[in-house]
Amino acid sequence: MIRVILPYHLRTLAQVGSEVALEAPQPVTVRTVLDALETRYPVLRGTIRDHQTLERRAFLRFFACEEDWSHESMDAPLPEAVAAGREPLLIIGAIAGG
Amino acid sequence: MSTVRVLAGTRKGAFILTSDGKRKDWRVSGPHFAGWEIYHLKGSPVDPNRLYASQCSGWFGQVIQRSDDGGATWAPVGNKFTYDGVPGTHQWYDGTPHPWEFKRVWHLEPSVGDPDTVYAGVEDAALFRSTDGGANWEELSGLRRHDTGPHWQPGAGGMCLHTILLDPANAQRMYIAISAAGAFRSDDGGASWKPINKGLVSNFMPDPTAEVGHCVHHVAMHPARPDVLFMQKHWDVMRSDDAGESWQEVSGNLPTDFGFVIDVHAHEPETLYVVPIKSDSEHYPPEGKLRVYRSRTGGHEWEPLTKGLPQSDCYVNVLRDAMAVDRLEECGVYFGTTGGQVYASADAGDHWKPIVRDLPAVLSVEVQTLP
């Protein structure tokens, strides 16, 4: 199972706890995780990546194993620890605004 | 006895304020969608328990919420707003072409006949419609594809379609307004549109009387007289008696004719309300006195309404969608401020009191009068 940690406002929108567990096909990438996440929680469509372009929304970042994956290809395989479920993929809202 | 339900959208959530017909004691529910910007929420005229809300965030984009029980519970519905075809460009602030990009929904206008049909006015300016209770949205692209579209420019708040008026007697007729393109009318259910800006004068434009480019802040209509429109423009309060074919200025003796809101008394179609704001550089009431101005003559002659409103050191703004009226026998008038107050008058504006005073900045106010 893949573990994903969502920012607070998306947890309340999807009515989930701080962490969700998902099945995602191999190889595990940001794209396959987001596909699985949006399939399970359709309300999250459009809130993490743009509906049409499927690009990451500007004020969100992806972290895994203490590394910033925001600017990596969405099709790049995530670290083995994430694919194995030992580490989560973190979706983080930028610290900005008021 | 009737009930009044006030729907307030704020920078940090939605609030629902309810009272009986006396409108003295109010119950506050909220924040709903805490921490999100709620640009607007509004109820269906044919099913008052059906509410729609525009919830958005710079981080997470647009969400549309729907309630089928008067706001007690909510569920997210469709949030996919895709422009029809290749959207092309409008003008950016500096006059260069800029691609149309969806940002948020400013205004939701439920149909006058079907609770599942609702219109959405969005930034960058376009009109969308859902006929399935908000699940799916389709652009009425005849508006954005109007010949003048490539010349539209954003106002300071973005290029927003903020006003949608549906003619209750003619399902084919609707009006919209865009900042800063102007007002438009459709006579074929939204398929095609005509700019209705003759008589508007905007001195900040190279051609002050151009067909489009006017920074219209809000337009109001009395449902019994859908051919008579009242407009608060960037500067100037205007009136049209011919469905927007021509406009005349009715600012009269207002202390300043800059402002955002305008509304019409529920039972007196010639009684209007505005909140004058000092200027486009200073978005607060003149002299620090919060005054609603009322005209009982359809404009030109205005009287200040001050009882119960702060008359010193008040520097709030009242944004364009933040005034509404109820339909009780003695018309109630309501408005919200950027300071978080929602003021109400149960006697058509003669006396005011804050029904809640420490909300986040109020973006919109709507009122439902329930049997």
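**Exercise 1. Find how strands β19 and β20 of chain B pair, then place them in their sheet.**

Solution. Start with the pair itself: β19 (residues 229-233) and β20 (residues 237-240) of chain B run antiparallel and share four bridges. Strands here are DSSP runs of E with at least two residues, helices are runs of H or I with at least four, and both are numbered from the N terminus. Two strands count as paired if DSSP finds at least two bridges between them. For a concrete bridge, take B:M231, whose partner in β20(B) is B:M238.

Next, zoom out. The open sheet has four strands in the order β18-β19-β20-β21 (chain B), with antiparallel pairing. β18 (216-221) and β21 (248-249) of chain B each have a single partner strand, so one side of each lacks a neighbour in the sheet.

A word on the setup: this is a predicted model, where local features need pLDDT of at least 70 and side-chain atom pairs count only at pLDDT 80 or more, while totals for chains, interfaces and linings use all residues. Residues are numbered from 1 along each chain as its sequence is written, and chains are lettered from A and ligands numbered from 1 in the order in which they are written.

**Exercise 2. Describe the sheet that holds β24 of chain B, and work out the surroundings of B:Y293.**

Solution. First, the sheet: it is open, with four strands ordered β22-β23-β24-β25 (chain B) and antiparallel pairing. Its edge strands, β22 (259-264) and β25 (303-305) of chain B, pair on one side only. Neighbouring strands are turned by 30° against each other on average, direction ignored; the axes are lines fitted to C-alpha atoms, for helices over the stretch in contact, and angles run from 0 to 180 degrees between N-to-C directions.

Second, the pair: β24 (residues 292-295) of chain B and β25(B) are antiparallel over three bridges. B:Y293 belongs to β24 of chain B, and its bridge partner in β25(B) is B:P304.

Third, the environment. B:Y293 is buried, with 24 other C-beta atoms within 10 Å. The cut-offs are 20 or more such atoms for buried, 12 or fewer for exposed, and partly exposed in between, using C-beta atoms placed from the backbone. Beyond four places in sequence, the contacts of B:Y293 include B:L254, B:V274 and B:W302; a contact means C-beta atoms, placed from the backbone, within 7 Å. The C-alpha atoms of B:Y293 and B:L305 are 5.8 Å apart, with the two residues 12 apart along the chain.

**Exercise 3. Trace the partners of β12 in chain B.**

Solution. Begin with burial: four of the five residues of β12 (residues 126-130) of chain B are buried. On one hand, β11 (residues 118-123) of chain B pairs with β12(B) in the antiparallel sense over five bridges, and a hairpin joins β11(B) to β12(B) through two residues. Here B:Y119 has B:R129 as its bridge partner in β12(B). On the other hand, β12(B) and β13 (residues 138-139) of chain B are antiparallel over two bridges, with B:F128 opposite B:E139 in β13(B).

**Exercise 4. Characterise the side of chain B that touches chain A.**

Solution. Count first: 13 residues of chain B are in contact with 14 residues of chain A. Then find the top contributor on the chain B side, which is β6 (residues 61-67) of chain B, with three residues. Finally, sort by class: five nonpolar, seven polar and one charged. Nonpolar covers Ala, Val, Leu, Ile, Met, Phe, Trp, Tyr, Cys and Pro, charged covers Asp, Glu, Lys and Arg, and the others, Gly among them, are polar.

Note on methods: Two residues are in contact if their C-beta atoms, placed from the backbone, lie within 7 Å.
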